[in-house]
There are 2 protein chains.
Amino acid sequence: MTLSNTVYEKLRADIIDGLFAPHQPLRLEQLKQQYGVGFSPLREALNRLQGERLVVSALQRGFRVSSLSVEEMWDAVNSRIFVEGEALRRSIGLGDDDWEAALVASFHALSIIVKRLGQADREIDKDSFDELERRHREFHAALISACGSAWLLDFAEKLNTETERYRVMALRSATLRHERDVEAEHKAILEATLRRDADAASGLLRDHYHATGQFLERVLRDRVARAS
Amino acid sequence: MTLSNTVYEKLRADIIDGLFAPHQPLRLEQLKQQYGVGFSPLREALNRLQGERLVVSALQRGFRVSSLSVEEMWDAVNSRIFVEGEALRRSIGLGDDDWEAALVASFHALSIIVKRLGQADREIDKDSFDELERRHREFHAALISACGSAWLLDFAEKLNTETERYRVMALRSATLRHERDVEAEHKAILEATLRRDADAASGLLRDHYHATGQFLERVLRDRVARAS
DNA sequence: TAAAGCCAGATTTTCGAAAATATTGCATCA
DNA sequence: TGATGCAATATTTTCGAAAATCTGGCTTTA
């Protein structure tokens, strides 16, 4: 691992995590202290993150964390529905037994962590929270992994990163709770996929993301109202 | 303009142009000479290009130009059909008079350069060639510019860059000629779009890109056969 | 002969200083 | 007072040297 790669991954995780607030300037001197590396790896990492839209740069004014908004969130959610809906259809058409097996496995792994966190009434620690996010990401990735298009997978990953920032923020603020049974939605998507019903599966996936979008919008508007 | 930005744009243009062959390693010392800048702006530019998939990097082994293949080309072409087809539908639904005016203007500008180059039997100079590519890109960008989704536009741009590398290579080798009337295809897309017929327009766009894909495949296979 | 170890040269990666540029606070002037 | 210019400071950007790592060829060894 090069320092450049390491600091890229750390910065990426920290931005998604909300350690740096949206729109906050990222001062090189401070980052240098924080991550214990020189300018070069930092600037390389920031240039890469720029391509993922996690940071934006202004000429001679350095980098800042990109901002969040209801409009951007909906664009990301709707694009995700569009891209992953198609990728899921293709996966259902092309996926073999290994794909099915990996899909079932990733759903199961997600169920386990969901159940464990559901039982515990205590505060959820960061590690568990990270694992939940990871398992969730892996389940959705498994659904579309057999689509056969590197570009669709690339787009889906970018959109997942973007929406992950909103999800993390929403679950952190925790003032609102979903009333829905997310686990049941996942299960329904899985079952439609396994019986190779592309229309049903992509429809359920659409509903799933759309419901998430509505939840995120409520949280975002709540935060804005609270702040003013 | 920072040096980093300048060298990024130059490198990008030169890779698309085929100045560096696919899969060729990009040695920093050589690039330093060639572009007259130090390591830092070069590495920053290369890190950004990595995000666009124009270069790939291997740990401690620097950067190389990403490679081209028939499979990758078809993935890019099909993804383009998918993404731009939807973006065109949305543009047709949302576009206002200004959008229509700009669209007609960009088609006209494309027609002019096509006619000029069609008349001249002489060798096409680099500037004219670049202008043709630019006008072509701008026409296709104008079609989808009113789609209202920053993400779809972002994806379309990435895919255009990717396919541009293949187009440039194909038109350079020039051993094969299209038998089709590309200008007529553009005109048909424009007319369907202006009469707000989304099904017809996106169907024609699909056919247009698919025909281009078939042309590119012939050229690619011809090159491989020629090389062996 | 083939495999492993090692050295020299080539190359990438990282650092901190220097140059270029932006920002802030203060003084000056109309 | 309010705008403008200037100096001091903060910050980004760039450079070239140094450190780390890889590559290819040579030698040694079994």
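Sorted by class, the surface near DNA strand C comes out at seven nonpolar, seven polar and four charged residues. Bear in mind that this is a predicted model. Here's a quick tour of that surface, followed by a look at the nonpolar core.

**Who sits around the DNA**
- DNA strand C has 18 residues around it, and the closest come from both chains: Leu3(A), Gly38(A) and Ser40(A), plus Arg43(B) and Gln60(B).
- Of the strand C atoms that come within 4 Å of the protein, 81% belong to sugar and phosphate.
- In chain A, helix H1 (3-16) and helix H3 (39-51) each put at least two residues into the surface near strand C.
- H3(A) gives that surface its largest share, which is three residues.

**Polar contacts with strand C**
- Gly38(A) uses its backbone here: one of its N or O atoms lies 2.7 Å from a phosphate oxygen of DNA strand C.
- Gln60(B) also goes through its backbone, with a polar atom 3.0 Å from a phosphate oxygen of the strand.
- Ser40(A) reaches a base instead, with a side-chain N or O atom 2.7 Å from a base nitrogen of DNA strand C.

**Inside the nonpolar core**
- The largest nonpolar core counts 83 residues.
- Val83, Leu143 and Phe155, in chain A and in chain B, are the residues with the most contacts inside that core.
- Leaving out residues up to four places away in sequence, Val83(A) touches Leu152(A), Phe155(A), Ala156(A) and Leu159(A) in its own chain.
- Across in chain B, Val83(A) also touches Phe82(B) and Phe155(B).

Notes. Residues numbered from 1 in each chain as written. Chains lettered and ligands numbered in written order. Predicted model: local features only at pLDDT ≥ 70, side-chain atom pairs only at ≥ 80, totals over all residues. Heavy atoms only, no water. Near = heavy atom within 4 Å. Polar contact = N/O pair within 3.5 Å; in protein donor to acceptor, adjacent residues only side chain to side chain. Helix = DSSP H or I, 4+ residues; strand = E, 2+ residues; numbered from the N terminus. Nonpolar A, V, L, I, M, F, W, Y, C, P; charged D, E, K, R; others polar. Core = buried A, V, L, I, M, F, W, Y, C linked by side-chain atoms within 4.5 Å. Buried < 20%, exposed > 50% of the residue type's maximum accessible area, 1.4 Å probe, protein only. Contact = heavy atoms within 4.5 Å.
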